[in-house]
Amino acid sequence: MRGIERRIDAGLQPDVRSVASIFVSRWDVAVAGKVPAALNNQLGIAVARRAHKAYLGLLRTPRWMRAYNAGARPQRLLWASTGTKDPKASDVLYVKALAAPFTVNTMPEGTLRALAEHGVVGATMPADGGDCEEILARFAAANIDVQSLSVKLQDEGAKSFVNSWTI
């Protein structure tokens, strides 16, 4: 938002296209074996749903509307790492749970094939986040600090991208 607002203030076009990536399955991999079985494969979806709810909230603010009216386009949420890592879970788990307008899913080829073969998406993600806050509260009760984990995953992800550029 600040970057777009600076462009507007400088008389530049604010039509900047970008994505905000959330690596969904990494959340679940990070807590695998550390939470009750009933919570398996739920953290990534809950985090993504919370982010989507916040994203939609931002798009309703006067601040965003001013930028939009000046020609800005919303950054899209990008669901990455949406191949299911747990062999006990549905191979289209994340695709079905995170289907939403104006988002991008960079699912791996195997997940795309599975979706074509037997996936039925059904209803789109609830705009209000559905039960994400309740699920995140269950993780907190299981001693998972989502805020600390987010910092750790962001740091690991950034290092991974840097390593891929320097190899």
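In this predicted model, F102 is exposed, with a relative accessible area of 59%, and belongs to the loop that runs between helix 5 and strand 3 (103-105). The backbone at F102 has a positive phi of about 60°, although the residue is not a glycine. A positive phi in a residue other than glycine is found again at N143, where the value is near 65°. N143 is placed in the loop between helix 7 and helix 8, and, with a relative accessible area of 71%, N143 is likewise exposed.

The loop between helix 7 and helix 8 also holds A142, which, in contrast to N143, is buried, with a relative accessible area of 18%; the assignment follows because a residue counts as buried under 20% relative accessible area and as exposed over 50%. When neighbours within four places in sequence are left aside, A142 is in contact with K34, V35, P36 and L39. Of these partners, K34 is 108 residues from A142 along the chain, yet the C-alpha atoms of A142 and K34 are separated by 8.2 Å.

A further loop position is G119, which lies between helix 6 (109-118) and helix 7. The relative accessibility of G119 is 23%, so that this glycine counts as partly exposed. Outside the four places to either side in sequence, the contacts of G119 are with V92 and A114. The C-alpha atom of G119 is separated by 9.3 Å from that of L93, and the two residues are 26 apart along the chain.

The overall architecture in which these loops are set comprises eight helices and three strands, arranged along the sequence in the pattern α-β-α-α-α-β-α-β-α-α-α. The C-alpha trace spans about 55 × 40 × 35 Å along its principal axes. Of the 167 residues in the protein, 34% are buried. Among contacts between residues at least 6 apart in sequence, 76% join residues that are at least 24 apart.

Helix packing was examined for helix 2 (residues 24-31) and two of its partners, beginning with helix 3 (residues 43-58). The axes of helix 2 and helix 3 come within 7 Å and cross at roughly 135°, which means that helix 2 is oblique to helix 3. The crossing of these two helices is right-handed. On the side of helix 2, the contact is formed by V24, W27, D28 and V31, which meet L43, G44, I45 and V47 of helix 3. By class, the residues of this contact divide into six nonpolar, one polar and one charged.

Helix 2 also packs against helix 8 (residues 146-166), in this case at an angle of about 115° and with the axes 11 Å apart. The crossing of helix 2 with helix 8 is right-handed. In this contact R26, W27, A30 and V31 of helix 2 meet V146, L149, S150, L153 and G157 of helix 8, and the residues involved comprise six nonpolar, two polar and one charged. W27 and V31 thus take part in the contact with helix 3 and in the contact with helix 8.

W27 of helix 2 and L149 of helix 8 recur in the largest nonpolar core, a set of 29 residues in which W27, L43, W79, L98, F139, I144 and L149 touch the most other members. Two or more residues are given to this core by each of helix 2, helix 3, strand 2 (76-80), helix 5 (93-97), helix 7 (132-141) and helix 8. The most is given by helix 3, with six residues.

The surroundings of W79, one of the core members that touch the most others, can be described in further detail. Not counting residues up to four places away in sequence, W79 touches I22, V24, A48, H52, L98, T103, V104, N105, T106 and M125. Among these partners, L98 is itself listed with W79 among the core residues that touch the most other members, and V24 is one of the helix 2 residues that meet helix 3.

How values were computed. Residues are numbered from 1 along each chain as its sequence is written. This is a predicted model: local features need pLDDT of at least 70, side-chain atom pairs count only at pLDDT 80 or more; totals for chains, interfaces and linings use all residues. Side-chain values use heavy atoms; hydrogens and water are left out. Axes are lines fitted to C-alpha atoms, for helices over the stretch in contact, and angles run from 0 to 180 degrees between N-to-C directions. Helices (H or I, at least four residues) and strands (E, at least two) are DSSP runs, numbered from the N terminus. Angles under 35 degrees count as roughly parallel, over 145 as roughly antiparallel, 65 to 115 as roughly perpendicular and the rest as oblique. A crossing is left-handed if the near helix is turned anticlockwise from the far one by less than a right angle, and right-handed if clockwise. Contact means heavy atoms within 4.5 Å. Ala, Val, Leu, Ile, Met, Phe, Trp, Tyr, Cys and Pro count as nonpolar, Asp, Glu, Lys and Arg as charged, and the others, Gly among them, as polar. A nonpolar core is a set of buried Ala, Val, Leu, Ile, Met, Phe, Trp, Tyr and Cys residues joined through side-chain atoms within 4.5 Å. Buried means under 20% relative accessible area, exposed over 50%, partly exposed in between (1.4 Å probe, protein chains only).
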